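User: I'm new to reading protein models and I'd like a close look at one loop. Could you start there, then walk me outward until I can place it in the whole molecule?

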Amino acid sequence: MTQYTLYPWQEAEWRQLMHDPARLPHALLLTGEPGIGKRRFAERLAAWYLCEHPDKSIAPCGECEGCRWQAAGNHPDFRILAPSDPVEEDAEETKTKRKQPIIGVEDIRDLTDFVNLSAHRQGARVTLVYPAEAMNTAAANAFLKTLEEPPTGAQFILVTHQARRLLPTIRSRCRVLALSTPDTASATTWLEQQGVNDAALHLAHAGGSPLAAQEDAEAEWLPLRNSVLDQIGAPQTLNVLSLAAEIEKAKVDPAKVIEWLQKWTHDLITLGMSGRIRYYPDRTTALNKLAPRASRMLTYVDRLQQAQRLAHHPLNARLVFESLLFDYLAALRGKLTG
Ligand SMILES: [Zn+2]
């Protein structure tokens with residue numbers, strides 16, 4: 001098992017992509033749900049391009065100089081284009097700057113220099129963009145120019161969780177490969193092999209994505225999620241102010257907490273409509289009690305989506321959650337207006 005070993009559900013997709021390596025496109029866009037291993041797939045492909053073994057098969061050999069450079073993380077002909085970590089920014093600056101991690105136009109300028117230089121090792125120059133939707137419009141337009149006139153030997157691998165957020169012109173310059181989410185049975189089996197207890201339950205919490213389920217089983221925020229779900233599952237005793245304060249104190253990414261509220265609301269609505277629970281089968285009793293009141297919660301779904309879009313901006317988490325929780329109670333009473 002190396003850092004480039006595919007997940008079992010990816011083997012067939014890999015073989016299909018590599019059945020004629022001579023015809024690989026210069027730009028490949030990998031799409032699919034978060035938490036299914038798109039990055040691993042992309043990194044293996046990058047490693048394969050950089051492998052210098054004279055008779056390389058469809059897998060990187062793992063032994064040549066190219067492979068060793070790449071495994072050590074310092075191959076001179078490889079670049080990852082990813083959002084710079086906002087945590088490292090100057091504290092004074094983050095107050096005014098958008099906190100959402102983005103790839104900006106200055107990142108693309110650095111990349112263009114790299115792409116247009118000749119390769120250090122006379123092979124491919126590989127760029128991995130992760131996630132591609134992090135490019136802002138200026139960056140995407142600059143990147144498009146490089147995609148339109150790719151220098152010889154330049155290979156681009158783009159990974160996206162949200163292909164619809166990419167410029168259509170970028171999508172159309174790439175060959176799109178949609179990586180699939182494994183079926184429940186194989187995902188559960190894999191999780192059990194990784195030593196995850198209650199694999200099926202964590203898989204449900206993660207909406208079917210096995211890597212997200214693995215994170216779900218080990219996350220530090222589990223106590224907070226349990227507490228949030230306990231409390232919103234009992235709205236008659238829900239103390240909005242104290243729960244919002246508890247959420248703020250836990251310092252968990254607000255986007256994560258909003259996601260729990262979204263999944264909870266989704267379950268309430270689908271349970272009311274079709275009797276199905278997708279995310280929280282371990283909370284059937286509480287969901288069943290509330291589902292009859294969920295028929296008028298669509299406005300609340302919009303409210304959560306809005307909050308999710310703003311979640312990476314500097315914000316006062318306590319106020320955001322106070323407002324979302326009051327809205328939740330109003331929605332359950334059928335009193336939330338748009
Ligand atoms: Zn190699």
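Analyst:
**Starting from one loop**

Find A291 in the loop between α14 and α15 (298-310). Before zooming in, keep in mind that this is a predicted model. Is A291 buried or exposed? A291 is buried, because its relative accessible area is 9% and the cut-off for buried is under 20%. So being in a loop goes together here with being buried.

What covers it? Skipping residues up to four places away in sequence, A291 touches L268, L271 and G272. Another residue to look at is T270: it sits 21 residues from A291 along the chain, and their C-alpha atoms are separated by 8.5 Å. Those partners bring us to α13, which runs over residues 254-274.

Now for the helices around here. Helix α11 covers residues 222-232, and its buried residues are L222, L224, R225, S227, V228, L229 and I232. Notice that an arginine, R225, and a serine, S227, are on that list. A bit of helix geometry is handy when you look at such a list: an α-helix has 3.6 residues a turn, so residues three or four places apart point the same way. And what lies over the buried residues of α11? The cover includes α9 (199-205), α10 (210-218), α12 (240-250), α13, α14 (284-290) and α16 (317-332). So α14, the helix before our loop, is part of that cover, and α13 is too, because heavy atoms within 4.5 Å count as contact.

Let's stay with loops, but look at what the backbone does in them. Here's the background: most residues other than glycine have a negative phi, and most peptide bonds are trans. K251, in the loop between α12 and α13, has a phi near 55°, a positive value in a residue other than glycine. K251 counts as exposed because its relative accessibility is 72%, and exposed means over 50%. You'll see a positive phi again at D198, where the value is near 50°. D198 is in the loop between α8 and α9, and with a relative accessible area of 55% it is exposed. N197 lies in the loop between α8 (184-193) and α9 as well, and is exposed with a relative accessible area of 63%.

N197 also gives us a way across the molecule. P131 is 66 residues from it along the chain, and their C-alpha atoms are separated by 30 Å. P131 has a backbone quirk of its own: the peptide bond from Y130 to P131 is cis, with omega near -15°. Its place is in the loop between β3 and α6 (137-148).

Step back into strand β3 (residues 125-129) and you reach T127. How accessible is T127? At 0% relative accessibility, T127 counts as buried. Its contacts, leaving aside neighbours within four places in sequence, are R79, L111, F114, V115, Q155, F156 and I157.

One more loop is worth comparing with our starting point. E33 is in the loop between β1 (27-31) and α2 (38-50). E33 is partly exposed, with a relative accessible area of 45%. It touches K38, T181 and S209, not counting residues up to four places away in sequence. T181 is 148 residues from E33 along the chain, yet their C-alpha atoms are separated by 6.8 Å.

Finally, the whole molecule. The domain assignment gives domain 1 (8-178) and domain 2 (219-332), so by those bounds A291 belongs to domain 2 and T127 to domain 1. The C-alpha centres of the two domains lie 35 Å apart. There are 16 helices and five strands in the protein, and its C-alpha trace spans about 70 × 45 × 30 Å along the principal axes. Of its 338 residues, 46% count as buried, and A291 is one of the buried ones. Of the contacts with a separation of 6 or more, 71% are between residues 24 or more positions apart. On the outside, the protein exposes about 17,500 Å², with carbon and sulfur atoms supplying 50% of that.

Terms used
Residues numbered from 1 in each chain as written. Predicted model: local features only at pLDDT ≥ 70, side-chain atom pairs only at ≥ 80, totals over all residues. Heavy atoms only, no water. Helix = DSSP H or I, 4+ residues; strand = E, 2+ residues; numbered from the N terminus. Buried < 20%, exposed > 50% of the residue type's maximum accessible area, 1.4 Å probe, protein only. Areas by Shrake-Rupley, 256 points an atom, 1.4 Å probe, with all protein chains shown as cover.
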